[in-house]
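Biologist: I'd like a close look at just one part of this protein. Could you walk me through it?

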Amino acid sequence: MSRTAGSRTRRSVNTLISVGVAGAFAIVSLPAAYATPSAAVVISEVYGGGGNSGATLTRDFVELGNAGSAAYDLGGYSVQYLPGSPSSSSTWQVTALSGSVAPGGRFLVAEAAGSGGTTALPTADATGSIAMSATSGTLALVSGTTALTCKTAADCAADGRIVDLVGYGTAVVREGSGPVTGASNTASVARGASLADTDDNAVDLTAGTPSPVNSAGQTPGSGEGDGGGGGDDPTQPGTVRIHDIQGTTRLSPLAGQTVTRVPGIVTGVRASGSKGYWIQDPAADTDPRTSEGVFVYTGSVTPTVAVGDSVLVSGKVSEYYPSSTSQSVTELTGATATVLSSGNALPAAVTLDATSVPSAYIPTAGGGSIESLALEPAVYAQDFYEANEGMRVAFSDARVVGAANSYGEMWVTVKPDENPTVRGGALYSSYDRPNTGRIEVMSLDSGTAYPAADVGDELSGTTTGPLDYSTYGGYNVQATQLGTRVDHGLKQEVTRRQKGDELAVATYNVENLDALDDQTKFDRLAQGVAVNLSSPDIVALEEIQDDNGATDDGTVTSEATLTRFTDAIRAAGGPRYRWRYIAPVNDQDGGEPGGNIRQVFLFNPKRVSFTDRAGGDATTGTSVVKSRKGVHLTYSPGRIDPTSDAWSSSRKPLVGEFVFHGESVFVIANHFTSKGGDQPLHGRYQPPARSSETQRQAQAAEVNTFVKSLLAADKNAKAVVLGDLNDYEFSQTVSTLTEGKVLTPLITTLPAAERYTYVYDGNSQTLDHILTSPAVTRFDYDVVHLNAEFADQASDHDPQIVRIDVNRCR
């Protein structure tokens, strides 16, 4: 299973899923397209110079006005912006609306803030982040929140979703004879007091001094309305505090609302990726469920605040979901900040250790969302983290349980005695033991190299920073102070060489290997086979791709890939391996698109022979035949029932018949469907749905049925079933595979602390397996740890090997 890149710190598309404030007024019927003059809601004023040079106001805005006699519900509406001279790549930018416009009233939509200006808008009724041009552009009021596609005046006039439209400056898209002129850094364009609309922008609007008005009738400097302003003094905090924003559940009780002049101390700044900063109120309340920290999201704009600044922040409360099944991050968006002072002491950090972090992991809701449940931070680890979301946390002298990766992430445990592996990891041994002491660690210090820590190393000293949440891993520490790596000297394992009368069979997931990969990858994987695995007689490879990898041109052969790989093994001191595989039908076996992933057998012809039985192909299944000479396969190599729905868009098992010291051995190489699509351990749906298990269980049943047919023909048949099963030794997949005791999972023969082949989110777990039939009674089994625990790895999986004394297995 290969992890797909992507997390909260490297999001490229920022989808804010927000809870709106419902309007309290009656809904009037939808108006026609803007070609018909509106007698109700219109765009009353547009200003794109906010925060620019010479501007007084700090941010752009769009004001709506209601010329009708009834309140107008804006639920499901949006304002949208298009550049004045749109190119082929230009798109409409969207700000969703909620609430209502009273008859004769105004509705203020705040947009992007600039770095200049001295005066804030009155409390906005809606907030977006569109950076509008000061001099030329088009604004549309739209019934709906889907982005418009029109880019000409005629096409937009024909779009019935457009309620009103204003083109200013030299805008191509406008109403009537031409756009309204005169907009600048210091001038907006606005309708007269009557809100007259003749569908001619040049006639209906004129340029003048910006005069935004919100639904409360407030203008700049007249008060802050219902957003927690608490008076007119811009240097005084409003009435809302961070703990009011965070609330006692996972969702903010103020989501969708604009809050004003929220006080806090800046505790961390993220200047790359998903930019923003954290603030924390040093004056905490007495409720342990309410966090005193919150993230202020600035998007593509680099924050200008610094750690230690005392600030007042105004913005919209939003719940950001890194993925569809994750928990959310409570944020302030579209925010402005006033710095009151700098160099202030930071609030004390919350200690993360075996005493503070509870032993239970997360509450359950029968598979539903836990978002509405009151937090119990003294009971559940995930509730404890949520109750401290955005706050400074700290841990000391923590053991690394997930190696550092290329994204600048690692995992540590703050509970040193919780399920340790023999090499320093944290063992994931059952669904109800997810290791509550695990926490992901990233660094906000771009000037210092991130340590290349391996499992078992230590982050010595204190690591401190705000607590965040992301798609991969859930809660994490954004370290402003990172502990020092202490190298505990983890070494790659090297298994012993097989004896002359032992058949050595191994499995190795080589992570999307194809002929276009650089030589370093081939050499390192080859070293693993020749040296660390001591040149097994048979190697089942998973994730061998076709000869041009992800290029999707119909190529399905892997001859060039395997030639390079076996050459590299030979150069590393291994034998001259031969290979067998069955090429898939193009684009039918899942994996990386165009890669045509498959399993492959390598075998050393000086030690073991392969019995070729022609006829097997991508869609023809092999079967078991009993004859006077014993049991054999109809096709070798062959596939197990490849047209079964169990293998839809997935790798089909490869079966081969080998002979070692006169004894037939049947090897079945597998790569079951991945866990993609399963809900995460840390997500908002609890317990998490593991939807991918359904197909793996069907695949396991197919292999089990095949093994049973083999044993029905010869109860003493020697079978080795191996590969990346993408499931745990305690899973239903493995139970289905072994049903009837036809196979023994060898991972269970190891001491518990050694049962892992893969490390994910700081959990050492078993995804790769070797299982043997009952006749295999004399064996020596080993998981060879050389990848999964290391920052520098050739694959994300560890290989494993079994050495079978074939002639004594009788």
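Biologist: Which residue in strand 29 is the bridge partner of Ile-538, and what sits around that pair of strands?

Modeller: One caution before the answer: this is a predicted model, so local features need pLDDT of at least 70, side-chain atom pairs count only at pLDDT 80 or more, and totals for chains, interfaces and linings use all residues. Residues are numbered from 1 along each chain as its sequence is written, and side-chain values use heavy atoms, with hydrogens and water left out.

The partner of Ile-538 in strand 29 is Phe-603. Strand 27 (residues 538–544) and strand 29 (residues 598–603) run antiparallel, joined by five bridges. Strands here are DSSP runs of E, at least two residues, and helices are runs of H or I, at least four residues, both numbered from the N terminus. Two strands pair if DSSP finds at least two bridges between them.

Zooming out a little, six strands make an open sheet with mixed pairing, ordered 28-29-27-26-42-41. Strand 28 (578–580) and strand 41 (779–783) are its edges, each pairing on one side only. From one strand to the next, the twist averages 20 degrees.

Now the helices. Helix 5 (residues 519–532) lies across strand 26 (503–513) and strand 27, at about 160 degrees to strand 26. Helix 6 (residues 559–571) packs on the sheet too, touching strands 26, 27, 28 and 29, and its direction makes about 40 degrees with that of strand 29. Contact means heavy atoms within 4.5 Å; axes are lines fitted to C-alpha atoms, for helices over the stretch in contact, with angles from 0 to 180 degrees between N-to-C directions.
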